[in-house]
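This briefing goes through a structure by topic: charged pairs, the sheet, the nonpolar cores and some local features. Please keep the sequence and the model open while reading.

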Amino acid sequence: MRVVDKEELRAALSMSAAIDALDDAFGGDGPSLTTPMRTTLATPAGTLLSMPAAGEAGVGVKLVTLSEFNPQRGLPFTQAVYVLFDATTQAPEAVIDGTELTAIRTAAVSGLATRRLANPEASRLAVFGAGVEAMHAVRPLTEVVVVGRDRTRADALVAFAKRLGVDARTGAPADVANADLVCTCTTSAVSVFDGHDLADGTHVNAIGAFLADQRELDTQTMRRAKIVVETREVALREAGDVLIAIEEGAIDADRLVDLAEVARGRAVRTAPSDVTVFVSVGSAFEDLVVARAALRAIA
């Protein structure tokens with residue numbers, strides 16, 4: 001059984017390869033029926049999440065711990081490990097750094113959504129938290145504005161964008177007005193920008209909130225948008241961006257489109273002026289696909 005750490009995983013699997021793997025998977029059978037909802041266990045030190053999945057890529061499970069007081073100890077709030085088993089024999093094949101796998105998977109699924117939903121010429125990105133690498137993989141970025149309260153992290157992301165050859169700077173939430181791509185990947189429980197500021201034609205990836213009472217996008221953004229989710233079932237249980245907007249009467253559940261439908265060719269954007277939104281809460285199906293792609297790349 002192979003142990004794959006963060007450095008080996010990142011070196012083996014490019015962002016483009018991860019996006020392609022998810023594109024093929026969503027365009028094929030889509031999220032498997034053997035992908036149950038994540039389970040949550042309260043522990044003395046925080047929370048344990050379990051995210052199992054099974055399909056052609058194999059059998060796998062991600063175990064994630066959330067430890068509220070770890071940051072005060074200089075340790076990560078979130079820690080994870082992924083175990084991948086063979087599809088036929090169910091023999092364990094690999095133990096993979098789950099935190100890095102999650103980072104790659106989260107970025108890659110937003111890259112897939114952007115590939116399928118954003119205007120072809122979209123090139124100006126406003127990013128809250130993270131998202132530069134995946135956007136750079138699917139659109140010819142010319143400008144990046146990083147919005148964040150942590151100046152050190154924001155400056156590091158600006159430096160990363162500049163290494164990719166993109167004009168980059170820090171900015172403010174209102175900078176979404178000059179963007180045609182927006183990524184939100186934050187721990188905020190409330191909306192991070194004003195939907196009235198969004199320009200027509202913008203595509204938004206909201207990938208930070210994963211609880212029913214949390215949101216990164218305000219009601220105006222959701223009201224204006226054509227909305228794609230990983231699956232309706234998961235979104236209607238866990239996606240606060242969706243659930244809060246429904247509760248407020250801004251949208252109806254029947255407006256939601258599954259990402260698998262989009263990957264198979266369904267047209268969501270029908271005019272350049274359409275605002276599109278992809279809401280992601282994460283899926284064990286995606287973890288399994290990316291874990292298998294990584295192991296193939298390593299082999």
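A salt bridge here is a side-chain nitrogen of Lys or Arg within 4 Å of a carboxyl oxygen of Asp or Glu. One such pair is Arg232 and Asp258, whose side chains meet at 3.4 Å, N to O. The model is predicted, so local features need pLDDT of at least 70 and side-chain atom pairs count only at pLDDT 80 or more, while totals for chains, interfaces and linings use all residues. Residues are numbered from 1 along each chain as its sequence is written, and side-chain values use heavy atoms, with hydrogens and water left out.

**Terms for location**

- Buried means under 20% relative accessible area, exposed means over 50%, and partly exposed lies in between (1.4 Å probe, protein chains only).
- Helices (H or I, at least four residues) and strands (E, at least two) are DSSP runs numbered from the N terminus.

**Salt bridges**

- The salt-bridge count comes to 20.
- Arg232 lies in helix 7 (residues 232-238) and Asp258 in strand 13, so their salt bridge ties together parts that are 26 residues apart in sequence.
- Arg232 is partly exposed at 29% relative accessible area, whereas Asp258 is buried at 16%.
- Glu133 and Arg10 form another salt bridge, with the closest N and O atoms 3.1 Å apart.
- Because Glu133 is in helix 4 (residues 132-138) and Arg10 in helix 1 (residues 6-12), this pair ties together parts 123 residues apart in sequence.
- Both ends of that pair are partly exposed: Glu133 has a relative accessible area of 30%, and Arg10 has 32%.

**The network around Asp23**

- Salt bridges link Asp20, Asp23, Arg115 and Arg116 in a network.
- Within this network, the side chains of Asp20 and Arg115 meet at 2.8 Å, N to O; Asp20 is in helix 2 and Arg115 in helix 3, 95 residues apart.
- Asp20 counts as partly exposed at 34% relative accessibility, and Arg115 is partly exposed at 29%.
- Asp23 sits in helix 2 (residues 15-27) and is buried, with a relative accessible area of 10%.
- A polar contact is a pair of N or O atoms within 3.5 Å; within protein, one must be able to donate a hydrogen and the other to accept it, and residues adjacent in sequence count only if both atoms are side-chain atoms.
- The side chain of Asp23 makes such contacts with the side chains of Arg115, at 2.9 Å, and Arg116, at 2.8 Å.
- Beyond residues up to four places away in sequence, Asp23 touches (heavy atoms within 4.5 Å) Leu112, Arg115, Arg116 and Ala263.

**The sheet**

- Two strands pair if DSSP finds at least two bridges between them.
- Eight strands form an open sheet with parallel pairing, in the order 9-8-7-10-11-14-12-13.
- Strand 9 (167-170) and strand 13 (257-258) are at the edges with a single partner strand each, so one side of each has no neighbour in the sheet.
- Strand 7 (residues 124-128) and strand 8 (residues 143-147) run parallel and are joined by five bridges; Val127 has Val146 of strand 8 as its bridge partner.
- Helix 3 (residues 98-117) packs on the sheet, touching strand 10 (181-184), strand 11 (203-206), strand 12 (225-229) and strand 14 (275-279).

**Nonpolar cores**

- A nonpolar core is a set of buried Ala, Val, Leu, Ile, Met, Phe, Trp, Tyr and Cys residues joined through side-chain atoms within 4.5 Å.
- The largest core has 62 residues, and those touching the most other members are Leu22, Phe26, Leu125, Val127, Val144, Val228 and Leu259.
- Helix 10 (residues 284-298) gives this core its largest share, ten residues.
- A second, separate core has 30 residues, including Val176, Ala179, Val229 and Val234.
- Outside four places in sequence, Leu259 contacts residues including Phe26, Val109, Leu112, Val228 and Phe278.

**Helix 8 and a loop glycine**

- Gly240, Asp241, Val242, Ile244 and Ala245 are buried in helix 8 (residues 240-247).
- Their cover includes strand 11, helix 6 (219-224), strand 12, helix 7 and strand 14.
- Gly249, just after helix 8, takes a positive phi of about 80°.
- Gly165, in the loop between helix 5 (151-163) and strand 9, counts as exposed at 65% relative accessibility.

Note on methods. Axes are lines fitted to C-alpha atoms, for helices over the stretch in contact, and angles run from 0 to 180 degrees between N-to-C directions.
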